[in-house]
Amino acid sequence: MTELIELMKNRRTIRKYRPEQISEEELQLILEAGQYAPSAGGAQSTKIVALQNRTLSEKLGKINVGLMKRREGAHVSDEQPSIIDDPSIPSGFYGAPTVCVIFSKTESSYSIADSFCTAENMILEAYSLNVSSAIIGRAEMTFDNDLGRELMKEWEIPENYTARCFVILGYLDGPYPSMKPRKENRIRIIR
Ligand SMILES: Cc1cc2nc3c(=O)[nH]c(=O)nc-3n(C[C@H](O)[C@H](O)[C@H](O)COP(=O)(O)O)c2cc1C
């Protein structure tokens, strides 16, 4: 078994995907991992919608990419360019065949934290299965429009829920990106 620390160190955000869909078994395990994330007060209030409909995910991905605020001089990755690095990328979901939307109760103080804990569990499980992934932001704004509200209704997401983030999934197209060195001076142990 691969050590968890090795998985954590080697997992990379992937933005270049092959078109083929991940297997049903892989999807189920990744969704299960999300459900076992810690949640504030043990509330387990996050809901995950796994979207495997390319037309729909392209529509949402287009909305998502349009919401990116570009900062002068910002740079994310040469090996796996993000929409910040390459403004010609048409979708904030990079063509990934599965786009999971993580919703959480709007009024909960830990709504965002719970959602990203769910996302982290999912990307680690994905990596352990050789499925590539990325966490994607701007979910609130991506769903704050007629299409978003219509989809939430159709997916039976209660009105008091808000989309908090996305986890995109698929198989890597091209070489695996290299390890990123850690910045110094981020840890202190006080005894
Ligand atoms: C809260 C959060 C939001 C993120 N949003 C995006 C995003 O919208 N688009 C994107 O391409 N990557 C996004 N990422 C992925 C980061 O860019 C990525 O984790 C970072 O560049 C480090 O790369 P690594 O995951 O390969 O170590 C997000 C990551 C986090 C934790």
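Which residues are around the ligand? That was my opening query, and I kept in mind that this is a predicted model.

**Entry: the ligand shell.** I found Arg12, Thr13, Arg15, Val76 and Ser82 around the ligand, along with the run Ala134, Ile135, Ile136, Gly137 and Arg138, and also Lys180. Sorting the shell by character, I got four nonpolar, three polar and four charged residues.

**Entry: the nonpolar core.** Next I looked up the largest nonpolar core, which has 27 residues. Cys100, Val101, Phe166, Val167, Ile168 and Leu169 have the most contacts inside it. I then asked which elements give two or more residues to this core, and they turned out to be β2 (98-105), α4 (111-128), β3 (132-136) and β4 (161-170). The largest share, six residues, comes from β4.

**Entry: Leu169.** I picked Leu169 for a closer look and set aside its neighbours within four places in sequence. What remained in contact with Leu169 was Ile22, Ile30, Ala96, Thr98, Cys100, Ala126, Val131 and Ser133.

**Entry: Phe143.** I went on to Phe143, which lies in the loop between α5 (139-142) and α6 (146-154). Is Phe143 buried or exposed? I noted it as buried, because 23 other C-beta atoms lie within 10 Å, and 20 or more is the cut-off for that label. Leaving out neighbours within four places in sequence, I listed Gly148, Met152 and Ala163 as the contacts of Phe143.

**Entry: a distance check.** Last, I paired Phe143 with Ile30, one of the contacts of Leu169. Phe143 and Ile30 are 113 residues apart in sequence, and their C-alpha atoms are 23 Å apart in space.

Conventions. Residues numbered from 1 in each chain as written. Predicted model: local features only at pLDDT ≥ 70, side-chain atom pairs only at ≥ 80, totals over all residues. Core = buried A, V, L, I, M, F, W, Y, C linked by C-beta atoms within 7 Å. Buried ≥ 20, exposed ≤ 12 C-beta atoms within 10 Å, placed from the backbone. Helix = DSSP H or I, 4+ residues; strand = E, 2+ residues; numbered from the N terminus. Contact = placed C-beta atoms within 7 Å. Near = placed C-beta within 6 Å. Nonpolar A, V, L, I, M, F, W, Y, C, P; charged D, E, K, R; others polar.
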